[in-house]
Amino acid sequence: MTLTPIAANQALNDDPRRYAHLSTIRLEDPDAVARAAKSRRRHPELKSGRQNFIVAADHPARGALAVGSDPVAMADRRQLLDRLQIALANPAVDGVLASPDIMDDLLLLGALDGKLVFGSMNRGGLSGLVNELDDRFTGHTAAALAALGADGGKMLTRICLGDPDTVATLEATAKAIDSLAERKLIAMVEPFLSVRENGRVRNDLSTNAVIKSIAIAEGLGSTSAYTWMKLPVVAEMERVMAATTMPTVLLGGDPEGTQDEVFASWQAALALPGVQGLTVGRTLLYPADGDVAGAVATAASLLHHTAEVSE
């Protein structure tokens with residue numbers, strides 16, 4: 001996929017110094033991040049029958065900068081912040097999933113007022129790292145998320161039956177789920193059954209593999225009361241969603257196929273019971289045509305916002 005630069009009529013501006021004030025604040029007044037978090041208006045609340053739309057922006061912290069054929073699409077932080085602010089300006093976008101560095105920038109920019117906030121907890125399994133599956137928790141902690149007034153934390157949980165590092169990742173994930181639950185924060189668990197091929201880690205996106213990953217992940221921790229699933233859209237999503245009773249958000253990943261095909265697959269999956277919404281990043285922040293606002297608006301139109309029927 002070849003990317004078109006962000007549309008000129010959408011860019012906040014093209015001044016290379018447009019985010020220089022963030023560096024100044026970080027230098028002279030680092031406590032401003034905590035003050036911004038404390039003064040932020042929270043998201044109203046989560047409700048059954050109203051699907052949520054969360055924009056993901058934690059890829060760079062794992063060294064995953066590529067989108068399509070561009071290996072460094074997400075490298076320019078100014079461009080990323082522009083795109084995130086365009087997305088978050090749409091009132092249908094409920095919130096963000098981000099690593100601490102990006103989260104702090106967005107707080108200082110005042111872009112998270114009234115939004116859901118999810119922190120990215122484990123980013124130690126760097127893309128291409130020799131021990132990538134030893135995915136240590138190097139990002140947000142549950143205590144830090146509580147202090148920020150966040151709604152929860154997300155953890156990538158790759159399960160490779162042929163790699164001994166998997167058990168450490170599972171144990172760390174279970175402890176993080178418990179730590180979040182103690183603070184009544186959501187644990188958004190993103191499980192994959194993974195394999196190594198030619199020295200690289202590949203996630204198995206077959207239906208049976210996704211179902212098996214769910215079975216393992218939803219049993220982690222001493223309670224599942226605050227656990228959500230974050231799952232890929234694959235074939236036979238009816239079978240996938242039959243594998244869990246937990247609220248589930250759909251992830252976008254690095255998309256294959258045309259944008260229309262991707263949106264059609266999301267629309268079908270969003271109609272299934274238990275699907276609470278979308279948590280999507282690169283697909284919408286870096287659309288092939290450069291129209292971030294248009295891609296976000298189209299995705300938002302797929303969500304279901306209906307009142308729950310009481311019996």
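# Exercises on a predicted protein model

The protein has 11 helices and nine strands; both are DSSP runs numbered from the N terminus, helices being H or I with at least four residues and strands E with at least two. This is a predicted model, where local features need pLDDT of at least 70, side-chain atom pairs count only at pLDDT 80 or more, and totals for chains, interfaces and linings use all residues. Residues are numbered from 1 along each chain as its sequence is written, and side-chain values use heavy atoms, with hydrogens and water left out.

## Exercise 1: the overall build

Work out how the radius of gyration of the protein sits beside the globule rule.

Step 1. Start with the rule: it is 2.2 Å times the number of residues to the power 0.38, and the radius itself is taken over C-alpha atoms.

Step 2. For 311 residues the rule gives 19 Å, and the radius of gyration of the protein is 19 Å, close to that, so the protein is as compact as a globular protein of that length.

Step 3. Now add the outline: the C-alpha trace spans about 55 × 50 × 40 Å along its principal axes.

Step 4. Check the inside: 51% of the 311 residues count as buried. Buried means under 20% relative accessible area, exposed means over 50%, and partly exposed is in between (1.4 Å probe, protein chains only).

Step 5. Look at how the chain meets itself. Among contacts with a separation of 6 or more, 71% come from residues 24 or more positions apart; a contact means heavy atoms within 4.5 Å.

## Exercise 2: the nonpolar core

Find which residues touch the most other members of the largest nonpolar core.

Step 1. Get the idea straight: a nonpolar core is a set of buried Ala, Val, Leu, Ile, Met, Phe, Trp, Tyr and Cys residues joined through side-chain atoms within 4.5 Å.

Step 2. The general trend helps here. In soluble globular proteins, nonpolar side chains tend to be buried together.

Step 3. The largest core has 79 residues, and F53, L106, W266, L278 and L284 touch the most other members. Helix α3 gives the most to this core, with six residues.

Step 4. Apart from this core lies another one of nine residues, among them L97, F118, I186 and V249.

Step 5. Zoom in on L278. Leaving aside neighbours within four places in sequence, its contacts include F53, W266, A299 and L303.

## Exercise 3: one face of a helix

Explain why the buried residues of α11 line one face of the helix.

Step 1. List them: in α11 (residues 292–300), the buried ones are V292, A295, V296, A299 and A300.

Step 2. Seen down the axis of α11, these residues fall within an arc of 135 degrees, so they line one face. The arc is that of the directions from the helix axis to the C-beta atoms.

Step 3. Recall the helix geometry. An α-helix has 3.6 residues a turn, so residues three or four places apart point the same way.

Step 4. See what lies over that face: the cover of the buried residues includes β1 (52–57), α3 (77–88), α9 (259–270), β9 (275–280) and α10 (282–285).

Step 5. Finish at the start of α11, where a side-chain oxygen of D291 reaches to within 2.9 Å of the backbone nitrogen of G294.

## Exercise 4: two positive phi values

Decide whether K184 is buried or exposed, and place E236 in the chain.

Step 1. K184 has phi near 60 degrees, a positive value in a residue other than glycine. K184 sits in the loop between α6 (166–182) and β5 (186–197).

Step 2. With 61% relative accessibility, K184 counts as exposed.

Step 3. E236 isn't a glycine either, yet its phi is positive at about 55 degrees. You'll find E236 in the loop between β7 (227–232) and α8 (237–241), and at 43% relative accessible area E236 is partly exposed.

## Exercise 5: the surroundings of D101

Which residues does D101 touch, not counting residues up to four places away in sequence?

Step 1. Find D101 in helix α4 (residues 100–108). At 31% relative accessibility, D101 is partly exposed.

Step 2. The residues touched are R26 and R77.

Step 3. Look at the R77 pair: a polar contact of 3.0 Å joins the side chains of D101 and R77. A polar contact is a pair of N or O atoms within 3.5 Å; within protein, one must be able to donate a hydrogen and the other to accept it, and residues adjacent in sequence count only if both atoms are side-chain atoms.
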